[in-house]
Amino acid sequence: MELLLFLIGGRVYTWIEILWRGYTHWSMFTLGGVCFVLMGLLNEYKIPWHWCLLRQAVVSAVIITVFEFFAGCVVNLWLGWGVWDYSGLPFNLYGQICLYFSLIWMPLSVVGIVLDDWIRYLMYLWLRKYIPWMQERERPRYRIV
């Protein structure tokens, strides 16, 4: 399941990046896939369902920002690939992350969390036909605040 979500997350992230700035890099597929899987695993194992969607999105945005920072340090600073540079934006850290994009991750995380939950639920319904003894799965439901 996580492999499928990794592929979906990587593809969606590269599409967003192409729409946003007109191009992407293969490393962004990897980063997007990892972040999408982590975002989805939060409410699967660590964050209870009763947490509101906004709270989940904040935690997810922090995790994405941390991963973006470390990925940026590797691909931009260490390897020198120059995939992105936020040096010209205010409140940046070594040009790898900035407050502006960290805040953008919050609404995108809401979309990602809901997308992940529904993909998992629909896959469960499909698999349930072939594996009837599977553990019951709750239909996704959310509180915004």
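These questions and replies go through one predicted model and the terms used to describe it.

Me: What kind of model is this, and how are residues numbered?
Reply: This is a predicted model, where local features need pLDDT of at least 70, side-chain atom pairs count only at pLDDT 80 or more, and totals for chains, interfaces and linings use all residues. Residues are numbered from 1 along each chain as its sequence is written, and side-chain values use heavy atoms, with hydrogens and water left out.

Me: What makes a stretch count as a helix or a strand, and how many are there?
Reply: Both are DSSP runs, numbered from the N terminus: a helix is H or I over at least four residues, a strand is E over at least two. The protein has four helices and two strands. Along the sequence they follow the pattern α-α-α-β-β-α. The C-alpha trace spans about 55 × 30 × 25 Å along its principal axes.

Me: Why is Thr14 called buried?
Reply: Buried means under 20% relative accessible area, exposed means over 50%, and partly exposed is in between (1.4 Å probe, protein chains only). Thr14 has 3%, so Thr14 is buried. Thr14 sits in helix α1, residues 2-21. In the whole protein, buried residues make up 37% of the 145 residues.

Me: How do you know what Thr14 is in contact with?
Reply: Contact means heavy atoms within 4.5 Å. Neighbours within four places in sequence are left aside, and Thr14 is then in contact with Thr24, Met28 and Phe29. Across the protein, take the contacts between residues at least 6 apart in sequence: 58% of them join residues at least 24 apart.

Me: Is Phe91 buried or exposed, and what makes it so?
Reply: Phe91 has a relative accessible area of 68%; that is over 50%, so Phe91 is exposed. Phe91 lies in the loop between α3 and β1 (92-93). Leaving aside neighbours within four places in sequence, Phe91 is in contact with Ile97, Cys98 and Leu99. Phe91 and Met28 are 63 residues apart in sequence, and their C-alpha atoms are 22 Å apart in space.

Me: Why is Tyr94 called exposed?
Reply: Tyr94 has 60% relative accessibility, which is over 50%, so Tyr94 counts as exposed. Tyr94 lies in the loop between β1 and β2 (97-98).

Me: What is phi in Phe91 and Tyr94?
Reply: Most residues other than glycine have a negative phi. Phe91 has a positive phi of about 55° although Phe91 is not a glycine. Tyr94 also has a positive phi, near 55°, and is a residue other than glycine. Gly80, which follows α3, has a positive phi near 70°.

Me: How do you know that the span of α3 agrees with its number of residues?
Reply: The expected span of a helix is 1.5 Å times one less than its number of residues. For the 26 residues of α3 that gives 38 Å, and the end C-alpha atoms are 36 Å apart, so the two agree.

Me: Where is the kink in α3 centred?
Reply: The kink, of about 30°, is centred on Gly72. The bend at a residue is the angle between axes fitted to the seven residues ending there and the seven starting there.

Me: What makes a space a cavity, and how many are there?
Reply: On a 1 Å grid over the protein atoms alone, a cavity is a set of points where a 1.4 Å probe fits but cannot get out. The count comes to one cavity of 30 Å³ or more. The largest cavity has a volume of about 30 Å³. Grid points are joined across faces, edges and corners, and the volume is the space filled by probe spheres set on the points.

Me: Which residues line the largest cavity?
Reply: Lining residues have an atom within 4 Å of a point. For the largest cavity they are Cys35, Leu38, Met39, Leu42, Ser60, Ile63 and Ile64. The elements giving two or more residues are α2 (26-46) and α3 (53-78). The largest share, four residues, comes from α2.

Definitions and conventions: On a 1 Å grid over the protein atoms alone, a cavity is a set of points where a 1.4 Å probe fits but cannot get out, and a pocket is an open set with protein on both sides within 12 Å along at least five of seven lines; lining residues have an atom within 4 Å of a point.
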